[in-house]
Amino acid sequence: MNPALTRCDVAIVGAGIIGSACAEACAAGGLNTVLIDSDFPGGGITACGMGHIVVMDDSAAQWALTARSRELWMRRAASLPDDIEYDACGTLWIAANRAEMDAVEEKVAMYRQHDVHAQILNSAELARAEPDLISRLSGALLVRDDAVIYPPAAAQHFAANAATLGAVMRFGQRVQVIEPGRIYFVDGTMLDAERIVVAAGLASNDLLPNLPLRARKGHLVISDRYPGRVRHQLVELGYLHSAHASDADSVAFNVQPRRNGQILIGSSRQFDATDTAIDAPLLAHMLERAVGFLPFLRDVQVLRSWTGLRPATRDGLPLIGPSAQHASIWLATGHEGLGITTATATAELIAAQLLGRTCAIPPAPYWPTRFASETTHAVA
Amino acid sequence: MRSPEYIEIFIDGRAYLLIRNSTVAAALLNAGITHWRRSVSGQPRAALCGMGVCFECRVNIDGHAHQRACQVLCTPGMRVITHVE
């Protein structure tokens with residue numbers, strides 16, 4: 001750290017996986033970059049998620065961002081440190097019935113059209129791929145190149161790369177106020193920055209007014225080690241409905257094998273939760289759902305359960321680009337449950353736009369200004 | 001005073017005679033096994049707290065993974081497998 005530094009091209013507030021990736025990309029682009037966190041890289045919501053690198057097809061914009069992100073992850077997979085635990089285990093989207101199997105057939109055509117490897121498994125093939133699943137399932141869509149990582153280690157890796165590229169790290173320093181061109185820290189110091197990128201997850205709401213950002217709480221459980229019992233990231237196709245179609249509390253079967261044999265069990269969604277306490281009835285509901293697909297989970301030794309507050313937007317797309325408040329204050333947040341996947345393309349979009357370069361994917365769908373009219377209305 | 005009752009259990013397929021109501025941890029140590037699990041980083045593990053708190057002494061008993069050896073009493077014919085998760 002260079003305490004004398006008081007000016008920079010870009011200051012990034014929040015060293016989660018998004019902010020750290022943005023710092024790496026900005027520093028690599030030659031920008032004089034400062035990465036700020038009240039704590040340390042990857043210690044916030046980044047450490048609460050599953051770490052699933054997944055292509056999602058809710059919308060064309062979500063597809064573009066997740067597919068580009070996964071491509072960037074795949075390109076650098078071989079050079080990632082071992083502690084990131086990159087494991088290209090693939091995703092099995094499980095069809096519980098005939099109707100969901102019809103959806104699988106529609107999805108596979110779309111994936112292939114975009115050159116994403118995808119394969120339909122029938123009931124018997126699914127049973128061979130995951131012998132512990134109940135037998136009465138209709139089949140699955142196997143997305144081969146989806147992967148799993150340990151997110152906090154990735155955030156630390158990106159931050160360390162940024163530092164190697166010349167970025168200045170200001171960790172353990174809490175931001176009090178942001179105004180165009182200047183950041184005031186709680187300790188009385190300040191930093192002048194031509195551009196400020198707020199990547200602080202839900203805490204961004206404390207720094208900027210009227211952000212279209214809500215909390216969406218999720219629960220996770222991790223088991224002891226049961227190597228080989230789960231081989232792919234397993235998600236019920238019904239997840240797409242429960243995760244995205246409704247404001248009501250919901251759970252879905254979403255289970256992940258960790259490289260050491262531990263099993264992560266999810267998932268739940270609750271809008272506008274105000275605290276991170278475990279909701280025991282919802283947690284029980286979530287675990288019953290998981291046991292309904294993988295009966296052996298009933299007997300596994302559970303080590304820990306926790307919650308996290310995902311920063312969510314109304315349209316399910318993140319906020320990437322200049323804020324509605326001021327052209328020099330940018331946002332990189334609102335990724336809800338896809339921040340781990342989309343950190344790479346988010347960073348690429350932020351750096352390309354700050355540097356005035358061509359973006360790999362169209363940036364406009366993620367611009368925060370898409371909500372500008374309603375936030376203005378809310379102020380008035 | 002009654003003489004102790006001996007039972008037979010199997011540790012990694014080998015038969016051992018021991019006093020009924022010994023803990024599995026005691027049986028393992030009595031069999032000369034000084035560690036029966038490895039941590040994620042490869043370090044040897046055995047009973048540490050001996051009272052069911054630390055979970056370091058986990059072992060597979062009759063097909064059930066992650067049983068605490070210090071908390072389970074030996075029963076006739078019990079099959080204990082070490083060094084599996």
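**Interface, salt bridges and unusual backbone sites in a predicted two-chain model**

B:His66 is buried, with a relative accessibility of 4%. The model is predicted. B:His66 belongs to strand β6 of chain B, which covers residues 64–68. Its phi is positive, at about 60°, although B:His66 is not a glycine. Most residues other than glycine have a negative phi, and most peptide bonds are trans.

A positive phi is also found at B:Asp12, again a residue that is not a glycine. The value there is about 50°. B:Asp12 sits in a loop of chain B, between β1 (6–11) and β2 (14–19). The relative accessible area of B:Asp12 is 38%, so this residue is partly exposed. In chain A, the peptide bond from A:Gly266 to A:Ser267 is cis. Its omega is near 0°. A:Ser267 is part of strand β15, residues 262–271 of chain A.

The contact between the two chains was examined next. Chain A contributes six residues and chain B contributes nine residues. About 640 Å² is buried between chain A and chain B. Carbon and sulfur atoms give 49% of that area. On the chain A side, A:Asp224, A:Arg225 and A:Gln301 supply 71% of the area buried against chain B. No other three residues of chain A supply more.

One salt bridge is counted between chain A and chain B. A:Asp224 and B:Arg58 form a salt bridge, with their closest N and O atoms 2.0 Å apart. A:Asp224 thus appears twice, in this pair and among the three residues that supply 71% of the area buried by chain A. Four residue pairs are in polar contact between the chains, with both residues at pLDDT 80 or more. The side of chain A that touches chain B divides by class into two nonpolar, two polar and two charged residues.

Over all chains, the whole structure holds 24 salt bridges. Side chains of opposite charge can pair when their charged atoms come close. One pair joins A:Arg258 and A:Glu85, at 3.4 Å from N to O. These two residues are 173 residues apart and link distant parts of the chain. A:Arg258 is in the loop between β14 (250–257) and β15 of chain A. A:Glu85 is in the loop between α2 (60–76) and β4 (91–95) of chain A. The partners differ in exposure. A:Arg258 is buried because its relative accessible area is 8%. A:Glu85, at 23% relative accessibility, counts as partly exposed.

A second pair that links distant parts of the chain is A:Arg289 with A:Glu236. Their side chains meet in a salt bridge of 2.8 Å, N to O. The two residues are 53 residues apart. A:Arg289 lies in helix α8 (residues 280–293), and A:Glu236 lies in strand β13 (residues 233–236). Here the acidic partner, A:Glu236, is buried, with a relative accessible area of 5%. A:Arg289 is partly exposed, at 36%.

A:Arg144 and A:Asp145 form another salt bridge, their closest N and O atoms being 3.1 Å apart. A:Arg144 has a relative accessible area of 42% and is therefore partly exposed. A:Asp145 is buried, at 18%. A network of salt bridges links A:Arg68, A:Glu71, A:Arg75 and A:Glu348.

A:Arg310 stands apart from these pairs. This arginine is buried yet has no salt bridge. The nearest side chain of opposite charge is that of A:Glu336, 5.1 Å away. A salt bridge needs a nitrogen-to-oxygen distance within 4 Å. A polar atom of the A:Arg310 side chain does lie 3.3 Å from the backbone oxygen of A:Lys217. A:Arg310 is located in strand β16 of chain A, residues 302–312. Beyond four places in sequence, A:Arg310 touches residues including A:Ile45, A:Leu202, A:Arg214, A:Ser268 and A:Gly337. A:Lys217 and A:Glu336 are also among its contacts.

A:His157 is a further buried residue, because its relative accessibility is 16%. A:His157 lies in helix α5 (residues 151–164) of chain A. With residues up to four places away in sequence left out, A:His157 touches A:Arg76, A:Leu80, A:Pro81 and A:Ile84.

Definitions and conventions. Residues numbered from 1 in each chain as written. Chains lettered and ligands numbered in written order. Predicted model: local features only at pLDDT ≥ 70, side-chain atom pairs only at ≥ 80, totals over all residues. Heavy atoms only, no water. Contact = heavy atoms within 4.5 Å. Buried area = accessible area lost by both parts, 1.4 Å probe. Polar contact = N/O pair within 3.5 Å; in protein donor to acceptor, adjacent residues only side chain to side chain. Nonpolar A, V, L, I, M, F, W, Y, C, P; charged D, E, K, R; others polar. Helix = DSSP H or I, 4+ residues; strand = E, 2+ residues; numbered from the N terminus. Buried < 20%, exposed > 50% of the residue type's maximum accessible area, 1.4 Å probe, protein only. Lys, Arg positive; Asp, Glu negative; His and termini not counted.
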